[in-house]
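Biologist: I'm new to this one and would like to learn how to read it. Could you put it on the screen and take me through it?

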Amino acid sequence: METSPKPSQIEALLTVPFNEQSLARLRELSPRLHIQVETGRKADEIPAEIWSKVEILYTDQVMPLPEQAPNLRWVQFHFTGIDPVVDVPLMHKPDLLMTTLSGAAAPQVAEYAVSLLLGLGHRMIELSQAQDKADWPRERWERFRPMELRNSTVGIIGYGSLGREMARLLRPFGTRILAVKRDVFHPEDHGYTIPGLGDPGGDLFDRLYPPQALRSMMKECDFVVVMLPLTAETRGLIGAAELAVMKPSAYFVQLARGAVVDQTALLLALQERRIAGAALDVFQEEPLPNNHPLWRLNNVILSPHIAGMSAAYDERALALWTENLKRYLTGASLLNLLDVQKGY
(Lines give C-alpha, C1' and ligand atoms only; values in the text may rest on other atoms or scores of the structure.)
Protein backbone atom coordinates (compact mmCIF):
# COMPACT_ATOMS: atom_id res chain seq x y z
CA MET A 1 0.00 0.00 0.00
CA GLU A 2 1.44 3.34 -1.09
CA THR A 3 1.46 6.25 1.31
CA SER A 4 1.61 9.92 0.48
CA PRO A 5 4.96 11.57 1.14
CA LYS A 6 5.12 13.44 4.42
CA PRO A 7 4.81 17.20 3.90
CA SER A 8 8.16 18.86 4.31
CA GLN A 9 8.86 20.98 7.36
CA ILE A 10 8.93 24.77 6.93
CA GLU A 11 11.76 26.45 8.81
CA ALA A 12 10.89 29.96 10.02
CA LEU A 13 13.30 32.29 11.78
CA LEU A 14 12.38 35.35 13.84
CA THR A 15 14.99 37.95 14.72
CA VAL A 16 12.39 39.96 16.66
CA PRO A 17 11.63 38.74 20.22
CA PHE A 18 7.92 37.92 20.51
CA ASN A 19 6.66 36.60 23.83
CA GLU A 20 6.07 32.88 24.39
CA GLN A 21 2.31 33.18 24.18
CA SER A 22 2.59 34.77 20.74
CA LEU A 23 5.04 32.12 19.57
CA ALA A 24 2.70 29.38 20.74
CA ARG A 25 -0.12 30.88 18.67
CA LEU A 26 2.12 30.91 15.61
CA ARG A 27 3.20 27.29 16.10
CA GLU A 28 -0.44 26.21 16.29
CA LEU A 29 -0.99 27.33 12.70
CA SER A 30 0.53 24.16 11.26
CA PRO A 31 2.52 21.11 12.42
CA ARG A 32 4.77 21.75 9.41
CA LEU A 33 5.88 25.09 10.82
CA HIS A 34 9.09 25.02 12.84
CA ILE A 35 9.83 28.42 14.39
CA GLN A 36 13.13 29.51 15.89
CA VAL A 37 14.02 32.84 17.49
CA GLU A 38 17.51 34.31 17.18
CA THR A 39 17.81 37.94 18.23
CA GLY A 40 21.31 38.77 17.02
CA ARG A 41 21.67 42.25 15.58
CA LYS A 42 23.85 41.10 12.68
CA ALA A 43 23.44 38.18 10.30
CA ASP A 44 26.84 36.75 11.28
CA GLU A 45 25.67 36.44 14.90
CA ILE A 46 23.19 33.75 13.84
CA PRO A 47 24.64 30.25 13.25
CA ALA A 48 25.29 29.32 9.64
CA GLU A 49 23.40 26.02 9.98
CA ILE A 50 20.24 27.97 10.85
CA TRP A 51 20.57 30.26 7.85
CA SER A 52 21.13 27.29 5.57
CA LYS A 53 17.66 25.88 6.36
CA VAL A 54 15.54 29.02 6.71
CA GLU A 55 12.58 29.30 4.34
CA ILE A 56 10.74 32.17 6.07
CA LEU A 57 12.41 35.10 7.79
CA TYR A 58 10.64 37.60 10.05
CA THR A 59 13.03 40.44 10.76
CA ASP A 60 13.61 44.10 11.36
CA GLN A 61 17.00 44.69 9.73
CA VAL A 62 18.90 41.41 10.17
CA MET A 63 19.51 40.39 6.56
CA PRO A 64 21.76 37.50 5.47
CA LEU A 65 23.72 37.47 2.25
CA PRO A 66 21.88 35.53 -0.47
CA GLU A 67 24.42 32.71 -0.32
CA GLN A 68 23.98 32.38 3.46
CA ALA A 69 20.29 31.53 3.07
CA PRO A 70 19.94 29.49 -0.16
CA ASN A 71 16.49 28.15 0.81
CA LEU A 72 14.99 31.49 1.82
CA ARG A 73 11.72 32.13 -0.04
CA TRP A 74 9.97 34.85 1.96
CA VAL A 75 10.97 37.80 4.16
CA GLN A 76 8.34 39.52 6.34
CA PHE A 77 9.61 42.85 7.65
CA HIS A 78 8.77 44.15 11.12
CA PHE A 79 8.35 47.66 9.73
CA THR A 80 6.74 49.46 6.81
CA GLY A 81 9.45 51.62 5.23
CA ILE A 82 12.18 49.63 3.53
CA ASP A 83 14.61 52.49 2.90
CA PRO A 84 17.04 51.31 5.65
CA VAL A 85 17.62 48.01 3.79
CA VAL A 86 16.94 48.93 0.17
CA ASP A 87 20.59 48.48 -0.85
CA VAL A 88 21.13 45.17 0.96
CA PRO A 89 22.09 42.42 -1.55
CA LEU A 90 19.30 40.11 -0.37
CA MET A 91 16.71 42.64 -1.60
CA HIS A 92 17.67 41.77 -5.15
CA LYS A 93 17.56 37.99 -4.85
CA PRO A 94 15.42 36.62 -7.72
CA ASP A 95 12.00 35.20 -6.82
CA LEU A 96 12.28 36.19 -3.16
CA LEU A 97 8.92 37.22 -1.70
CA MET A 98 9.11 40.27 0.56
CA THR A 99 6.24 41.78 2.56
CA THR A 100 6.02 44.82 4.81
CA LEU A 101 4.08 45.71 7.94
CA SER A 102 1.99 48.31 6.10
CA GLY A 103 -1.37 48.77 7.81
CA ALA A 104 -0.39 47.31 11.17
CA ALA A 105 0.98 50.61 12.51
CA ALA A 106 -1.82 52.75 11.05
CA PRO A 107 -3.86 53.19 14.29
CA GLN A 108 -1.11 54.76 16.37
CA VAL A 109 0.40 56.92 13.61
CA ALA A 110 -2.96 58.27 12.47
CA GLU A 111 -4.03 59.03 16.05
CA TYR A 112 -0.72 60.82 16.64
CA ALA A 113 -1.19 62.81 13.44
CA VAL A 114 -4.65 63.98 14.48
CA SER A 115 -3.31 64.94 17.92
CA LEU A 116 -0.70 67.14 16.20
CA LEU A 117 -3.37 68.85 14.10
CA LEU A 118 -5.38 69.56 17.24
CA GLY A 119 -2.29 70.74 19.09
CA LEU A 120 -1.30 73.13 16.33
CA GLY A 121 -4.80 74.39 15.61
CA HIS A 122 -5.63 74.96 19.27
CA ARG A 123 -2.40 76.86 19.93
CA MET A 124 -0.93 74.37 22.37
CA ILE A 125 2.59 75.68 21.70
CA GLU A 126 1.62 79.22 22.70
CA LEU A 127 -0.43 77.97 25.65
CA SER A 128 2.52 75.97 26.94
CA GLN A 129 4.80 78.99 26.61
CA ALA A 130 2.33 81.12 28.54
CA GLN A 131 2.09 78.44 31.25
CA ASP A 132 5.88 78.36 31.62
CA LYS A 133 5.76 82.11 32.34
CA ALA A 134 2.64 81.93 34.56
CA ASP A 135 1.16 84.38 32.07
CA TRP A 136 -2.61 85.04 31.76
CA PRO A 137 -2.61 87.25 28.65
CA ARG A 138 -5.13 90.06 28.49
CA GLU A 139 -5.35 89.51 24.71
CA ARG A 140 -5.99 85.79 25.13
CA TRP A 141 -9.09 85.78 22.90
CA GLU A 142 -7.04 86.98 19.93
CA ARG A 143 -3.79 85.24 20.78
CA PHE A 144 -5.26 81.78 21.36
CA ARG A 145 -8.07 81.83 18.79
CA PRO A 146 -8.04 78.28 17.36
CA MET A 147 -8.13 76.94 13.86
CA GLU A 148 -10.73 74.23 14.28
CA LEU A 149 -10.68 71.00 12.31
CA ARG A 150 -14.34 71.51 11.51
CA ASN A 151 -14.62 73.21 8.10
CA SER A 152 -10.82 73.20 7.68
CA THR A 153 -9.04 71.55 4.75
CA VAL A 154 -6.48 68.85 5.45
CA GLY A 155 -4.19 67.66 2.67
CA ILE A 156 -2.70 64.19 3.09
CA ILE A 157 0.39 63.61 0.94
CA GLY A 158 0.55 59.83 0.56
CA TYR A 159 -2.76 58.00 0.71
CA GLY A 160 -1.49 54.68 1.97
CA SER A 161 -2.53 52.86 5.13
CA LEU A 162 -1.54 55.76 7.39
CA GLY A 163 -3.30 58.41 5.35
CA ARG A 164 -6.43 56.30 5.01
CA GLU A 165 -6.76 55.75 8.74
CA MET A 166 -6.16 59.45 9.34
CA ALA A 167 -8.96 60.26 6.88
CA ARG A 168 -11.29 57.93 8.80
CA LEU A 169 -10.48 59.68 12.08
CA LEU A 170 -10.93 63.14 10.57
CA ARG A 171 -14.34 62.49 9.02
CA PRO A 172 -16.38 63.02 12.24
CA PHE A 173 -14.72 66.42 12.70
CA GLY A 174 -16.37 67.73 9.54
CA THR A 175 -13.01 68.19 7.82
CA ARG A 176 -12.54 68.56 4.07
CA ILE A 177 -9.99 65.92 3.08
CA LEU A 178 -7.71 66.17 0.05
CA ALA A 179 -5.13 63.52 -0.75
CA VAL A 180 -2.21 62.83 -3.08
CA LYS A 181 -1.81 59.32 -4.46
CA ARG A 182 0.49 57.97 -7.14
CA ASP A 183 -2.29 56.11 -8.98
CA VAL A 184 -5.47 58.18 -8.81
CA PHE A 185 -7.33 55.74 -11.05
CA HIS A 186 -7.20 53.03 -8.37
CA PRO A 187 -8.16 54.64 -5.04
CA GLU A 188 -8.89 51.32 -3.32
CA ASP A 189 -6.42 49.63 -0.98
CA HIS A 190 -5.48 45.97 -1.55
CA GLY A 191 -2.96 45.78 1.30
CA TYR A 192 -3.45 44.77 4.90
CA THR A 193 -6.15 46.68 6.76
CA ILE A 194 -7.21 46.11 10.35
CA PRO A 195 -10.93 45.31 10.20
CA GLY A 196 -13.07 48.42 10.62
CA LEU A 197 -10.17 50.83 10.15
CA GLY A 198 -8.74 52.76 7.23
CA ASP A 199 -10.37 53.40 3.89
CA PRO A 200 -10.15 50.13 1.90
CA GLY A 201 -12.54 51.32 -0.79
CA GLY A 202 -11.03 54.76 -1.25
CA ASP A 203 -14.25 56.55 -0.28
CA LEU A 204 -13.28 59.02 2.46
CA PHE A 205 -11.43 61.80 0.67
CA ASP A 206 -13.17 64.73 -1.01
CA ARG A 207 -10.66 64.97 -3.84
CA LEU A 208 -7.70 62.90 -4.99
CA TYR A 209 -4.67 64.45 -6.71
CA PRO A 210 -1.77 62.91 -8.65
CA PRO A 211 1.76 63.89 -7.52
CA GLN A 212 2.02 66.25 -10.49
CA ALA A 213 -0.76 68.38 -8.94
CA LEU A 214 0.82 68.46 -5.47
CA ARG A 215 1.15 72.27 -5.35
CA SER A 216 -2.43 72.74 -6.51
CA MET A 217 -3.55 70.73 -3.51
CA MET A 218 -1.21 72.35 -0.99
CA LYS A 219 -2.39 75.89 -1.74
CA GLU A 220 -5.92 74.94 -0.65
CA CYS A 221 -4.95 73.43 2.71
CA ASP A 222 -5.10 74.65 6.28
CA PHE A 223 -3.04 71.62 7.31
CA VAL A 224 -0.63 69.62 5.13
CA VAL A 225 0.40 66.17 6.39
CA VAL A 226 3.24 64.21 4.76
CA MET A 227 2.90 60.42 5.03
CA LEU A 228 4.93 59.15 2.08
CA PRO A 229 7.48 56.35 1.98
CA LEU A 230 11.02 57.38 1.09
CA THR A 231 11.81 56.32 -2.47
CA ALA A 232 13.90 57.67 -5.34
CA GLU A 233 10.80 59.55 -6.52
CA THR A 234 9.82 61.04 -3.15
CA ARG A 235 13.27 62.10 -1.92
CA GLY A 236 13.18 65.90 -1.69
CA LEU A 237 9.62 65.99 -3.01
CA ILE A 238 8.62 68.85 -0.71
CA GLY A 239 10.90 71.84 -1.25
CA ALA A 240 10.85 75.61 -1.33
CA ALA A 241 8.51 75.79 -4.32
CA GLU A 242 5.93 73.55 -2.64
CA LEU A 243 6.11 75.35 0.71
CA ALA A 244 5.76 78.71 -1.06
CA VAL A 245 2.21 77.94 -2.21
CA MET A 246 0.93 77.28 1.31
CA LYS A 247 -1.28 79.81 3.08
CA PRO A 248 0.50 81.96 5.70
CA SER A 249 -2.08 80.62 8.18
CA ALA A 250 -1.43 76.95 7.31
CA TYR A 251 0.42 74.30 9.29
CA PHE A 252 2.82 71.60 8.05
CA VAL A 253 3.07 68.14 9.63
CA GLN A 254 5.91 65.78 8.71
CA LEU A 255 5.49 62.08 9.57
CA ALA A 256 7.26 60.54 6.56
CA ARG A 257 11.00 59.95 6.34
CA GLY A 258 13.05 63.10 6.90
CA ALA A 259 14.56 63.11 3.42
CA VAL A 260 11.14 63.55 1.76
CA VAL A 261 11.20 67.21 2.82
CA ASP A 262 13.90 69.82 2.18
CA GLN A 263 14.52 70.63 5.83
CA THR A 264 16.50 73.79 5.06
CA ALA A 265 13.64 75.21 2.99
CA LEU A 266 11.15 74.30 5.73
CA LEU A 267 13.29 75.92 8.42
CA LEU A 268 13.44 79.14 6.41
CA ALA A 269 9.67 79.16 5.84
CA LEU A 270 9.12 78.76 9.60
CA GLN A 271 11.70 81.36 10.60
CA GLU A 272 10.22 83.91 8.21
CA ARG A 273 6.64 83.03 9.29
CA ARG A 274 5.62 82.25 5.71
CA ILE A 275 3.61 79.40 7.23
CA ALA A 276 2.01 79.44 10.68
CA GLY A 277 3.90 76.53 12.15
CA ALA A 278 4.80 72.86 11.93
CA ALA A 279 4.92 69.57 13.78
CA LEU A 280 7.86 67.31 12.93
CA ASP A 281 8.49 63.74 14.02
CA VAL A 282 11.23 62.88 11.50
CA PHE A 283 14.36 64.67 10.37
CA GLN A 284 17.12 64.45 7.79
CA GLU A 285 19.59 63.76 10.59
CA GLU A 286 18.50 61.71 13.58
CA PRO A 287 18.89 62.31 16.43
CA LEU A 288 18.32 65.98 15.63
CA PRO A 289 21.50 67.77 16.85
CA ASN A 290 20.89 69.74 20.04
CA ASN A 291 22.26 72.90 18.43
CA HIS A 292 19.89 72.72 15.45
CA PRO A 293 17.85 75.93 14.98
CA LEU A 294 14.60 73.95 14.82
CA TRP A 295 14.84 73.46 18.60
CA ARG A 296 14.67 77.22 19.15
CA LEU A 297 11.57 77.97 17.09
CA ASN A 298 8.44 78.86 19.04
CA ASN A 299 6.02 77.81 16.29
CA VAL A 300 7.09 74.16 16.03
CA ILE A 301 6.23 70.90 17.82
CA LEU A 302 9.17 68.47 17.72
CA SER A 303 9.10 64.79 18.66
CA PRO A 304 11.91 62.18 18.42
CA HIS A 305 10.54 59.83 15.72
CA ILE A 306 7.95 58.21 17.96
CA ALA A 307 4.71 58.43 15.94
CA GLY A 308 4.72 54.69 15.27
CA MET A 309 5.29 53.65 18.88
CA SER A 310 2.55 51.68 20.59
CA ALA A 311 2.19 49.16 23.39
CA ALA A 312 0.14 47.20 20.84
CA TYR A 313 2.80 47.27 18.09
CA ASP A 314 3.89 43.64 18.45
CA GLU A 315 0.31 42.44 18.78
CA ARG A 316 -0.71 44.22 15.58
CA ALA A 317 2.41 42.97 13.81
CA LEU A 318 1.64 39.43 14.91
CA ALA A 319 -1.92 39.68 13.56
CA LEU A 320 -0.63 40.69 10.13
CA TRP A 321 2.06 38.01 10.04
CA THR A 322 -0.42 35.37 11.16
CA GLU A 323 -2.67 36.25 8.25
CA ASN A 324 0.25 36.10 5.84
CA LEU A 325 1.48 32.79 7.27
CA LYS A 326 -1.96 31.28 6.69
CA ARG A 327 -1.81 32.49 3.12
CA TYR A 328 1.70 31.15 2.61
CA LEU A 329 0.76 27.74 3.98
CA THR A 330 -2.19 27.49 1.57
CA GLY A 331 -0.42 28.96 -1.45
CA ALA A 332 -2.55 32.12 -1.48
CA SER A 333 -1.23 35.54 -2.45
CA LEU A 334 0.52 37.40 0.38
CA LEU A 335 -0.55 40.82 1.61
CA ASN A 336 1.76 43.85 1.33
CA LEU A 337 4.03 42.35 -1.30
CA LEU A 338 6.99 44.64 -1.79
CA ASP A 339 7.88 46.14 -5.17
CA VAL A 340 11.58 46.92 -4.85
CA GLN A 341 11.54 49.15 -7.93
CA LYS A 342 8.78 51.34 -6.46
CA GLY A 343 10.31 51.23 -2.98
CA TYR A 344 7.14 50.11 -1.17
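Biologist: Let me start with a strand. Are the faces of β10 covered, and which residues lie on one side and which on the other?

Modeller: Before that, a word on the source: this is a predicted model, where local features need pLDDT of at least 70, side-chain atom pairs count only at pLDDT 80 or more, and totals for chains, interfaces and linings use all residues. Residues are numbered from 1 along each chain as its sequence is written, and side-chain values use heavy atoms, with hydrogens and water left out. Now some terms: helices (H or I, at least four residues) and strands (E, at least two) are DSSP runs, numbered from the N terminus. Buried means under 20% relative accessible area, exposed over 50%, and partly exposed in between (1.4 Å probe, protein chains only). In β10, both faces are covered: Tyr251 and Val253 sit on one side, Phe252 and Gln254 on the other, and all are buried.

Biologist: How do I read its pairing, and which residue is the bridge partner of phenylalanine 252 in β11?

Modeller: The general idea first: strands of a sheet pair through backbone hydrogen bonds, either parallel or antiparallel. Here, two strands pair if DSSP finds at least two bridges between them. Strands β10 (residues 251-254) and β11 (residues 277-280) are parallel, with four bridges. Phenylalanine 252 is partnered by alanine 278 in β11, while glutamine 254 has leucine 280 as its partner there. Towards β9, β10 again runs parallel, joined by four bridges, and tyrosine 251 in β10 has phenylalanine 223 opposite.

Biologist: What is the order of the strands in that open sheet of seven?

Modeller: Read it as β8-β7-β6-β9-β10-β11-β12, with parallel pairing. At the edges are β8 (207-209) and β12 (300-302), each pairing on one side only. For angles, axes are lines fitted to C-alpha atoms, for helices over the stretch in contact, and angles run from 0 to 180 degrees between N-to-C directions. From one strand to the next, the twist averages 15 degrees. Contact means heavy atoms within 4.5 Å, and helix α6 packs on this sheet, touching β6 (153-157), β7 (176-180) and β9 (223-226). Its direction makes about 165 degrees with that of β6.

Biologist: And what is the order in the open sheet of five strands?

Modeller: That one goes β2-β1-β3-β4-β5, also with parallel pairing. Its edge strands are β2 (33-37) and β5 (97-99). Between β1 (residues 10-14) and β2 there are five bridges, and glutamate 11 has histidine 34 of β2 opposite. Helix α1 (residues 20-27) lies across β1 and β2, at about 155 degrees to β2. Helix α10 (residues 313-330) lies across β1, β2, β3 (56-59), β4 (74-77) and β5, at about 165 degrees to β4.

Biologist: Next, rings. How many aromatic pairs does a search of the whole structure find?

Modeller: A pair of aromatic rings is described by the distance of the centres and the angle of the planes. Rings of Phe, Tyr and Trp (its six-membered ring) pair if their centres lie within 6.5 Å; planes under 30 degrees apart count as stacked, over 60 as edge-to-face and the rest as tilted. The search finds seven pairs. One of them joins tryptophan 74 and tryptophan 321, with centres 6.4 Å apart and planes at 50 degrees, so it is tilted. The two are 247 residues apart, tryptophan 74 in strand β4 and tryptophan 321 in helix α10. Tryptophan 74 is buried at 0% relative accessible area, and tryptophan 321 is buried at 0% too. Both belong to one aromatic cluster with Phe18, Tyr58 and Tyr328.

Biologist: Last one: how many cavities of 30 Å³ or more does the structure hold?

Modeller: Rolling a probe the size of a water molecule over the atoms shows where empty space is left. On a 1 Å grid over the protein atoms alone, a cavity is a set of points where a 1.4 Å probe fits but cannot get out, and lining residues have an atom within 4 Å of a point. Grid points are joined across faces, edges and corners, and a volume is the space filled by probe spheres set on the points. The structure holds three such cavities, the largest having a volume of about 70 Å³. Of its 13 lining residues, the closest to the centre are Ala106, Ser161, Thr193, Ile194 and Gly198. Helix α6 gives the most to that lining, with three residues.

Key
1 Å grid on protein atoms, 1.4 Å probe; cavity = no way out; pocket = protein on both sides within 12 Å on 5 of 7 lines; lining within 4 Å.
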